[in-house]
Amino acid sequence: MLREATTDDVNLMLSWRNQETNRQVSKTSHEITAAEHAAWWSRVLTDPTRRVLIYLHDDRPAGVVTFFDLRPDGPQRTASWGFYLDADGLAERGATLPAWLGVMRAAVDHAFDVLALDRLDGEVLADNTVVRQMNRRFRFVEGTGRRETHDGREITVIPISLTRENRRRR
């Protein structure tokens with residue numbers, strides 16, 4: 001289940017985003033400061049092309065889903081997305097895989113059923129093979145990777161996309 005993120009969630013989101021597991025698989029790999037996070041949250045609150053949602057697993061906050069570059073009008077309704085989980089907390093409870101499957105299902109359902117998108121786009125780091133496998137399970141298609149430099153490290157970023165027609169139904 002997803003719900004809108006609120007200001008009450010800001011510190012929780014920052015703590016999850018700064019977990020080592022999440023930083024390793026993100027373009028931005030440095031520990032995000034409270035000031036950086038506050039500035040991001042301030043921009044999100046006034047940006048109509050963004051949505052930030054909290055993922056609930058077993059009725060407990062367990063992750064964040066972001067939709068950005070929302071283009072709800074026009075011939076192709078599209079957006080980009082990303083997510084991260086409370087990796088440490090879920091691992092302690094032995095709930096990582098069920099939560100991961102759950103957040104992906106919830107995000108895809110939200111994209112196509114609530115936001116009424118035609119295509120959902122995203123990115124994954126090339127060396128994140130586990131996520132790439134999960135993306136394929138959900139029928140995301142990979143594009144051609146490109147080299148980028150972030151936080152002083154060279155990474156290969158692979159674009160992904162999923163169309164409404166190719167979406168896996170439950």
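**Exercise 1. Locate Asp 58 between its two strands, then describe its exposure and its backbone.**

Solution. Step 1: Asp 58 sits in the loop that joins β2 to β3; strands are DSSP runs of E with at least two residues, helices are runs of H or I with at least four, and both are numbered from the N terminus. The model is predicted, so local features need pLDDT of at least 70 and side-chain atom pairs count only at pLDDT 80 or more, while totals for chains, interfaces and linings use all residues. Residues are numbered from 1 along each chain as its sequence is written, and side-chain values use heavy atoms, with hydrogens and water left out.

Step 2: the relative accessibility of Asp 58 is 62%, so the residue counts as exposed (over 50% is exposed, under 20% buried, in between partly exposed, with a 1.4 Å probe and protein chains only).

Step 3: Asp 58 is not a glycine, yet its phi is positive, at about 55 degrees. Most residues other than glycine have a negative phi.

**Exercise 2. Give the phi, the place and the exposure of Arg 139.**

Solution. Step 1: Arg 139, also not a glycine, has a positive phi of about 75 degrees. Step 2: Arg 139 belongs to the loop between α6 and β6 (141–142). Step 3: with 33% relative accessibility, Arg 139 is classed as partly exposed.

**Exercise 3. Describe how helices α1 and α3 cross, and list the residues that meet.**

Solution. Step 1: two packed helices are described by the angle between their axes and the distance between the axes. Step 2: the axes of α1 (residues 10–17) and α3 (residues 34–46) come within 11 Å, with a crossing angle of roughly 120 degrees. Therefore α1 is oblique to α3. Axes are lines fitted to C-alpha atoms, for helices over the stretch in contact, with angles from 0 to 180 degrees between N-to-C directions. Under 35 degrees counts as roughly parallel, over 145 as roughly antiparallel, 65 to 115 as roughly perpendicular, and the rest as oblique.

Step 3: the crossing of α1 and α3 is right-handed (the near helix is turned clockwise from the far one by less than a right angle; anticlockwise would be left-handed).

Step 4: from α1, Val 10, Met 13 and Leu 14 meet Ala 34, His 37, Trp 40 and Trp 41 of α3, where contact means heavy atoms within 4.5 Å. The residues of this contact comprise 6 nonpolar, 1 polar and no charged. Here Ala, Val, Leu, Ile, Met, Phe, Trp, Tyr, Cys and Pro count as nonpolar, Asp, Glu, Lys and Arg as charged, and the others, Gly among them, as polar.

**Exercise 4. Carry out the same analysis for α5 and α6.**

Solution. Step 1: the axes of α5 and α6 come within 11 Å and cross at roughly 50 degrees, and these helices are therefore oblique to each other. Step 2: the crossing of α5 and α6 is right-handed. Step 3: α5 contributes Leu 97, Trp 100, Leu 101 and Met 104 to the contact, and α6 contributes Val 130, Val 131, Met 134, Asn 135 and Arg 137. Step 4: the residues of the α5 and α6 contact divide into 7 nonpolar, 1 polar and 1 charged.

**Exercise 5. Which members of the largest nonpolar core touch the most other members, and which elements each supply at least two of its residues?**

Solution. Step 1: a nonpolar core is a set of buried Ala, Val, Leu, Ile, Met, Phe, Trp, Tyr and Cys residues joined through side-chain atoms within 4.5 Å. Step 2: the largest one has 32 residues, of which Phe 67, Trp 81 and Phe 140 touch the most other members. Step 3: at least two residues of this core come from each of β2 (51–57), β3 (60–71), β4 (78–85), α5 (96–114), β5 (119–125) and β8 (153–163). Step 4: α5 gives the most to this core, 10 residues. Step 5: apart from this core lies another of 12 residues, including Met 13, Trp 40, Val 44 and Tyr 84.

**Exercise 6. Are Asn 135 and Arg 132 buried or exposed, and what do they touch?**

Solution. Step 1: Asn 135 is found in α6, and its relative accessible area of 4% makes Asn 135 buried. Step 2: beyond four places in sequence, Asn 135 touches Met 104, Val 124, Phe 140 and Ile 160. Step 3: Arg 132 is in helix α6 (residues 129–137) and, at 19% relative accessibility, counts as buried. Step 4: not counting residues up to four places away, Arg 132 touches Val 124, Leu 125, Ala 126, Glu 142 and Ile 158.
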